[in-house]
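Student: Could you take me through one part of this model in close-up? I'd like to see how two of the helices pack against each other, and what one residue at that contact is up to.

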Amino acid sequence: MTVYHRYVALGDSQTEGLGDGDDVRGHRGFADRLAEHLARADPGLLYANLAVRGRRAVQVRDEQLPAALALRPDLATVVAGMNDLIRPGFDAAEVAGALEEMFARLTAAGARVVTVTYPDIGRIVPLARRLLPRVLDLNERIRRAAARHDVVVVDTFPLVSVTDARLWSADRLHASPAGHAVIAAALAHALDLPGSDGTWMDPLPPLPAPPVWRAAATELRWFTAFAGPWLGRRLLGRSSGDGRTAKRPALAPVDIRT
């Protein structure tokens, strides 16, 4: 069994933990949850989270990779690219290139690196169904880049269970607390950590389909509350991460939550 002592998380809002907490109480998220799992095997674990919401893959590479390397991790998670995928002008080669550079430099420095593929986001946001070719393209590039650098990949795309609405927050861009717990469990399983297993892949009990009118009302509320403001920020050239820095920029011990 491999025991990790220095875990560093790189990424965007998902790694920061949006959808699992708030800006007042703080965000937990899958990376914090994975760190807690790791700390159960090694209470001396040190953990840093460099992720900042709104960051694109190239920004994660440019802003977070140097800091991550300076922390000398023996484990790193790299999850980035969704902010690129949903924007006009998406360049899969550029995104995959930024991810691969992070894979290469972190593994060369001795870190075990874990990443993910993306689910079919059209199952979560019906308006995003046209983005499926982008998802397929990026996922295949991630798999190939990961294979070249012995990076562990959690392949979420084939699993319909990960697009269950209950695993996603109201904005449909970020995992819910239950969703973050599933991602953490998936990463732990991929790393073969003690106490991990494949139950994270199990679907939730089915729910009855809502009436058509209720589904339509839900879509309208979502667009008004979340999609509209997101489009507004894009038109103004703003990002949700403007002025923000990493929530946990230095390695520190982990408080295990129950």
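Tutor: Let's start with helix 2 and helix 7 (residues 177–190), whose axes come within 8 Å and cross at roughly 50°. Keep in mind that this is a predicted model. That crossing angle makes helix 2 oblique to helix 7, and the crossing is right-handed. On the helix 2 side, the residues that meet helix 7 are Gly-29, Phe-30, Arg-33, Leu-34 and His-37. Helix 7 answers with Pro-177, His-180, Ala-181, Ile-183, Ala-184, Leu-187 and Ala-188.

Now zoom in on His-37, which sits in helix 2 (residues 29–41). His-37 has a relative accessible area of 18%, so it counts as buried, the cut-off being under 20%. Leaving aside residues up to four places away in sequence, His-37 touches Ala-188, Leu-193, Pro-194, Gly-195 and Ser-196. Of these, Ala-188 is among the helix 7 residues named above. There's a polar side to His-37 too: its side chain reaches the backbone oxygen of Pro-194 at 2.8 Å.

While you have the model open, have a look at the aromatic pair as well; the structure holds one. The rings of Tyr-7 and Tyr-47 have their centres 5.2 Å apart and their planes at 15°, so they count as stacked. Because Tyr-7 belongs to strand 1 (residues 6–11) and Tyr-47 to strand 4 (residues 46–49), the pair ties together parts that are 40 residues apart in sequence. Both rings belong to buried residues: Tyr-7 has 0% relative accessibility, and Tyr-47 has 1%.

Key. Residues numbered from 1 in each chain as written. Predicted model: local features only at pLDDT ≥ 70, side-chain atom pairs only at ≥ 80, totals over all residues. Heavy atoms only, no water. Phe/Tyr/Trp six-rings, centres within 6.5 Å; stacked < 30°, edge-to-face > 60°. Helix = DSSP H or I, 4+ residues; strand = E, 2+ residues; numbered from the N terminus. Buried < 20%, exposed > 50% of the residue type's maximum accessible area, 1.4 Å probe, protein only. Polar contact = N/O pair within 3.5 Å; in protein donor to acceptor, adjacent residues only side chain to side chain. Contact = heavy atoms within 4.5 Å. Axes fitted to C-alpha atoms, helices over the stretch in contact; angles between N-to-C directions. Parallel < 35°, antiparallel > 145°, perpendicular 65-115°, else oblique. Left-handed = near helix turned anticlockwise from the far one by under 90°.
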